[in-house]
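Take a look at the protein model below. Then read on for a short tour, from the whole chain down to single side chains.

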Amino acid sequence: MSVVKINVLTVPAEQRETLEKRFASRAHAVENSDGFEWFELLRPVEGTDTYLVYTRWRDEESFQAWMEGPMKAAHQGGGPESGERPKPAASGSTLWSFEVVQQAGPAGA
């Protein structure tokens, strides 16, 4: 079954807009990756500075191929004017990994 990767990002309040704009500017960057199944950026709504970046993959190998290819290239890109990499919007990051053991969708879908 599929694997889920959740990148847990600590994002100070003053960096939230920056983080969301960066993800929006990369919209569709992952969709064509082999084995990719789903993406969601989850914004906190109750007393936390933690964003969750949810991705679902066919298998661990698909995720690792994306990490070593497109994702690595995207995070090594330079800034638009200075030629330098922009400062991260998140002050911390942790990657959680899960295997999907059960799933459900709406009845009749």
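This report goes from the overall fold to the cores, the aromatic rings and a few single residues.

## Overall fold

This is a predicted model. The protein chain has 2 helices and 4 strands. Along the sequence they follow the pattern β-α-β-β-α-β.

The chain has 109 residues, and 25% of them count as buried. Now take the contacts with a separation of 6 or more: 68% of them join residues 24 or more positions apart. The chain exposes about 7700 Å². Carbon and sulfur atoms supply 53% of that area.

## Two nonpolar cores

Which residues make up the largest nonpolar core? There are 7: Val-3, Val-30, Phe-36, Trp-57, Phe-63, Trp-66 and Met-71. Helix H2, residues 60-75, gives the most to this core, with 3 residues.

Another core lies apart from it. That one has 6 residues, among them Val-11, Tyr-51, Val-53 and Ala-89.

## Aromatic rings

A pair of aromatic rings is described by two values: the distance of the centres and the angle of the planes. The count here comes to 5 aromatic pairs.

One of them joins Phe-36 and Trp-57. Their centres are 5.5 Å apart, with 75° between the planes, and the pair is edge-to-face. This pair links distant parts of the chain. Phe-36 sits in strand S2 (residues 36-42) and Trp-57 in strand S3 (residues 50-57), 21 residues apart. Both residues are buried.

Phe-63 and Trp-66 form a pair too. Why is this pair tilted? The planes of the two rings meet at 40°, and a pair counts as tilted when the angle is neither under 30 degrees nor over 60. The ring centres are 6.1 Å apart. Both residues lie in helix H2, 3 residues apart, about one turn of the helix. Phe-63 counts as buried because its relative accessibility is 3%, and Trp-66 counts as buried at 17%. Phe-36, Trp-57, Phe-63 and Trp-66 form one aromatic cluster.

## Ser-62 in helix H2

Ser-62 also lies in helix H2. Is Ser-62 buried or exposed? Its relative accessibility is 4%, so Ser-62 counts as buried; the cut-off is under 20%.

The side chain of Ser-62 makes a polar contact of 2.7 Å with the side chain of Asp-59. Leaving aside neighbours within four places in sequence, Ser-62 is in contact with Asp-34, Gly-35 and Trp-57. Trp-57 is also part of the aromatic cluster.

## A charge over a ring

One more ring has a charged partner. Arg-26 lies over the face of Phe-23, at 6.0 Å from the ring centre.

Notes
Residues are numbered from 1 along each chain as its sequence is written. This is a predicted model: local features need pLDDT of at least 70, side-chain atom pairs count only at pLDDT 80 or more; totals for chains, interfaces and linings use all residues. Side-chain values use heavy atoms; hydrogens and water are left out. Buried means under 20% relative accessible area, exposed over 50%, partly exposed in between (1.4 Å probe, protein chains only). Contact means heavy atoms within 4.5 Å. Accessible areas come from the Shrake-Rupley method with a 1.4 Å probe; for residues, only the protein chains shown count as cover. A nonpolar core is a set of buried Ala, Val, Leu, Ile, Met, Phe, Trp, Tyr and Cys residues joined through side-chain atoms within 4.5 Å. A polar contact is a pair of N or O atoms within 3.5 Å; within protein, one must be able to donate a hydrogen and the other to accept it, and residues adjacent in sequence count only if both atoms are side-chain atoms. Rings of Phe, Tyr and Trp (its six-membered ring) pair if their centres lie within 6.5 Å; planes under 30 degrees apart count as stacked, over 60 as edge-to-face and the rest as tilted. A charge sits over a ring if NZ of Lys or CZ of Arg is within 6 Å of the ring centre and within 35 degrees of the ring normal.
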